[in-house]
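The exercises below ask you to work from the coordinates of a single chain with its ligands, and each is followed by a solution that proceeds step by step. Please try each task on the structure before you read on.

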Amino acid sequence: MDLLAAVSNQQNSQPQSQISHLALDIGGSLIKLVYFSRINDSCRDNDELRSHNESLGVSNSDTSQPILEGRLHFAKFETSKINDCLEFIRSKKLRLGGFHDCTSPSSDKIFIKATGGGAYKFADLFKEKLGISLDKEDEMDCLVTGANFLLKAVPQEAFTYLDGQKEFVQIDHNDLYPYLLVNIGSGVSMIKVDGDGKFERVSGTNVGGGTFWGLGRLLTKCKNFDELLELSQLGNNRVVDMLVGDIYGGTDYAKIGLSATTIASSFGKAISDNKELEDYKPEDISRSLLRMISNNIGQISYLNALRFGLKRIFFAGFFIRGHAYTLDTISVAVHFWSKGEAKAMFLRHEGFLGALGAFMSYEKQSLHGLMVHKILPRFPISVSSAGDKIYCSLNSDSNENEGIECTVYGM
Ligand SMILES: Nc1ncnc2c1ncn2[C@@H]1O[C@H](COP(=O)(O)OP(=O)(O)OP(=O)(O)O)[C@@H](O)[C@H]1O
Ligand SMILES: CC(C)(CO)[C@@H](O)C(=O)NCCC(=O)O
């Protein structure tokens with residue numbers, strides 16, 4: 001059965017949800033879901049379809065094929081609460097959006113595209129709890145496919161952050177490559193991207209989002225990630241960090257270009273203060289930790305960009321969370337180390353690159369293309385045809401992100 005037929009069948013049995021094409025990225029910290037819900041399917045007139053197809057590089061012999069108009073939805077769950085995710089998939093009947101084994105038409109196995117380490121780790125659980133087989137896609141492949149898709153197809157996806165100002169970056173499709181993609185998840189991957197499917201993972205660091213959340217949880221007793229992030233907004237890192245000025249009696253070390261306010265040693269004050277952990281405010285610790293990790297990632301990223309002569313660095317991954325202080329610290333680090341030569345850019349759908357890449361891999365089986373019309377406003381992300389808002393009742397912050405209205409060219 002082809003995918004469209006599967007979708008039609010699903011619509012017959014589930015006329016209200018009209019959800020199809022679910023893809024997963026199961027990471028060390030978070031599970032990300034991308035799924036498509038159709039608004040309607042329509043056979044557009046041939047001229048309109050032809051120009052759509054040409055812009056997508058799709059053969060015009062396919063112009064009589066139906067189009068699915070719909071919306072891409074985004075959701076996330078903590079990996080440690082994978083049962084909530086399974087329940088969400090079950091409750092939304094999302095599992096019906098997979099595809100059947102084409103090599104064995106008689107088989108009723110349902111496959112869903114999945115990437116990230118959890119696609120291996122939790123394969124048996126998905127089979128046991130939902131009867132779904134996970135069709136594994138390579139994590140780095142998916143990150144790059146997701147990044148290229150967002151950069152090329154979604155307007156106002158990339159932005160810079162300087163002096164507290166977000167500025168959208170106009171992406172020139174003919175001058176996008178090469179670039180460095182830095183994905184800050186639990187750990188950090190640095191990938192030199194040279195084109196569609198052309199990339200090399202050139203570096204990485206184990207000091208990433210998992211380090212911030214893990215150490216932060218131990219040091220501050222915060223109960224969730226966003227609480228730790230919010231706390232950092234109220235803190236003052238100078239209480240914990242040792243500055244150049246602390247070492248140089250309040251003055252700059254001008255000869256080597258270090259100002260008195262530059263951090264000489266993250267957490268360095270804690271060695272001489274004669275204080276215990278309880279004597280520090282959790283907000284100061286959180287701010288210092290966030291700054292330490294963001295700064296370090298910014299610096300390593302810049303050094304890798306320098307290694308390969310790359311001027312553009314795109315940062316993604318859920319560590320960022322669009323958080324002002326994180327954006328600022330990474331931007332300042334790249335600016336500082338490159339002496340203004342390299343630019344840090346961020347992606348609005350920062351945490352969903354891998355899941356989008358896995359979603360795009362359905363194309364190989366059954367989709368010709370995906371064309372984006374517009375981005376929908378922030379949470380609630382979308383309204384289905386039945387009028388029910390789609391958001392996760394199990395975890396209040398798990399689904400906030402922007403939906404993308406789009407057209408899928410089906411078989
Ligand atoms: N609600 C949240 N719960 C836990 N971590 C969060 C949350 N929101 C943001 N984060 C941050 O995002 C990080 C995970 O980011 P992301 O989902 O991109 O990576 P991952 O796929 O889980 O990790 P990896 O790719 O290394 O396996 C966490 O380590 C944490 O720093
Ligand atoms: C192991 C992965 C790729 C899993 O997503 C990620 O967590 C990562 O890139 N960690 C950093 C590993 C390293 O290069 O030191």
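**Exercise 1. The shell around ligand 1**

Which helix gives the most to the shell around ligand 1, and with how many residues? Describe also the make-up of this shell by class, and place ligand 1 with respect to the two domains.

*Solution.* The model is a predicted one, and the steps that follow should be read with this in mind.

Step 1. Collecting the residues around ligand 1 gives 20 of them, and the closest are G27, G28, G185, G209 and F318.

Step 2. Assigning these residues to elements shows that helix α7 (residues 209–220) gives the most, with 4 residues.

Step 3. Sorting the shell by class yields 6 nonpolar, 12 polar and 2 charged residues.

Step 4. The chain is divided into domain 1, which comprises 3–140 + 352–410, and domain 2, which comprises 209–240 + 280–347. Because both domain 1 and domain 2 give residues to the shell around ligand 1, this ligand lies between them.

Step 5. The domains also touch each other directly, with 5 residues of domain 1 in contact with 6 residues of domain 2. On the domain 1 side, the touching residues divide into 2 nonpolar, 2 polar and 1 charged.

**Exercise 2. The shell around ligand 2**

List the residues that surround ligand 2, and state which elements give two or more residues to its shell.

*Solution.* Step 1. The residues around ligand 2 are G27, G28, G117, E139, G185, S186, G187, V188, S189, G204, T205 and N206.

Step 2. Mapping these onto the secondary structure, the elements with two or more residues in the shell are β10 (188–195) and β11 (198–205).

Step 3. The division by class is 1 nonpolar, 10 polar and 1 charged.

**Exercise 3. Two helix crossings**

At what angle do the axes of α8 and α10 cross, and at what angle do those of α6 and α12 cross? Identify the residues that make each contact.

*Solution.* Step 1. For helix α8 (residues 225–234) and helix α10 (residues 282–308), the axes come within 7 Å and cross at roughly 100°. The crossing angle therefore makes α8 roughly perpendicular to α10.

Step 2. On the side of α8 the contact is made by L228, L231, S232 and L234, and on the side of α10 by P282, E283, S286, R287 and L290. Taken by class, this contact has 5 nonpolar, 2 polar and 2 charged residues.

Step 3. The axes of α6 and helix α12 (residues 353–360) come within 6 Å and cross at roughly 90°, so that α6 is roughly perpendicular to α12.

Step 4. Here α6 contributes E139, D141, C142, L143, V144, T145, G146, A147, F149 and L150, which meet L353, G354, L356, G357, A358 and M360 in α12. The classes are 10 nonpolar, 4 polar and 2 charged residues.

Step 5. As for its surroundings, α12 is mostly covered, with 8 of its 8 residues buried.

**Exercise 4. The setting of E137**

Is E137 buried or exposed, and which residues does it touch beyond those up to four places away in sequence?

*Solution.* Step 1. E137 is located in the loop between β6 (132–136) and α6 (139–153).

Step 2. A residue counts as buried when 20 or more other C-beta atoms lie within 10 Å of its own. E137 has 24 other C-beta atoms within 10 Å, and is therefore buried.

Step 3. Leaving out residues up to four places away in sequence, E137 touches K113, T115, C142, G357, A358 and S361.

Step 4. The C-alpha atoms of E137 and A23 are separated by 10 Å, although the two residues are 114 apart along the chain.

**Exercise 5. Backbone geometry in loops**

Where is the loop that holds P178, and what values of phi do K221 and R321 have?

*Solution.* Step 1. The peptide bond from Y177 to P178 is cis, with omega near -10°, and P178 belongs to the loop between β8 (165–168) and β9 (179–184).

Step 2. K221, which is not a glycine, has a positive phi of about 70°, and its place is the loop between α7 and α8. K221 counts as exposed because it has 11 C-beta neighbours inside 10 Å.

Step 3. R321 is likewise not a glycine and has a positive phi of about 55°, in the loop between β14 (312–316) and α11 (324–337). With 16 other C-beta atoms within 10 Å, R321 is partly exposed.

Terms used: Residues are numbered from 1 along each chain as its sequence is written. Chains are lettered from A and ligands numbered from 1 in the order in which they are written. This is a predicted model: local features need pLDDT of at least 70, side-chain atom pairs count only at pLDDT 80 or more; totals for chains, interfaces and linings use all residues. A residue is near a molecule or strand if its C-beta atom, placed from the backbone, lies within 6 Å of it. Ala, Val, Leu, Ile, Met, Phe, Trp, Tyr, Cys and Pro count as nonpolar, Asp, Glu, Lys and Arg as charged, and the others, Gly among them, as polar. Domain bounds come from an automatic or database domain assignment. Two residues are in contact if their C-beta atoms, placed from the backbone, lie within 7 Å. Axes are lines fitted to C-alpha atoms, for helices over the stretch in contact, and angles run from 0 to 180 degrees between N-to-C directions. Angles under 35 degrees count as roughly parallel, over 145 as roughly antiparallel, 65 to 115 as roughly perpendicular and the rest as oblique. A residue is buried if 20 or more other C-beta atoms lie within 10 Å of its own, exposed if 12 or fewer, and partly exposed in between; C-beta atoms are placed from the backbone.
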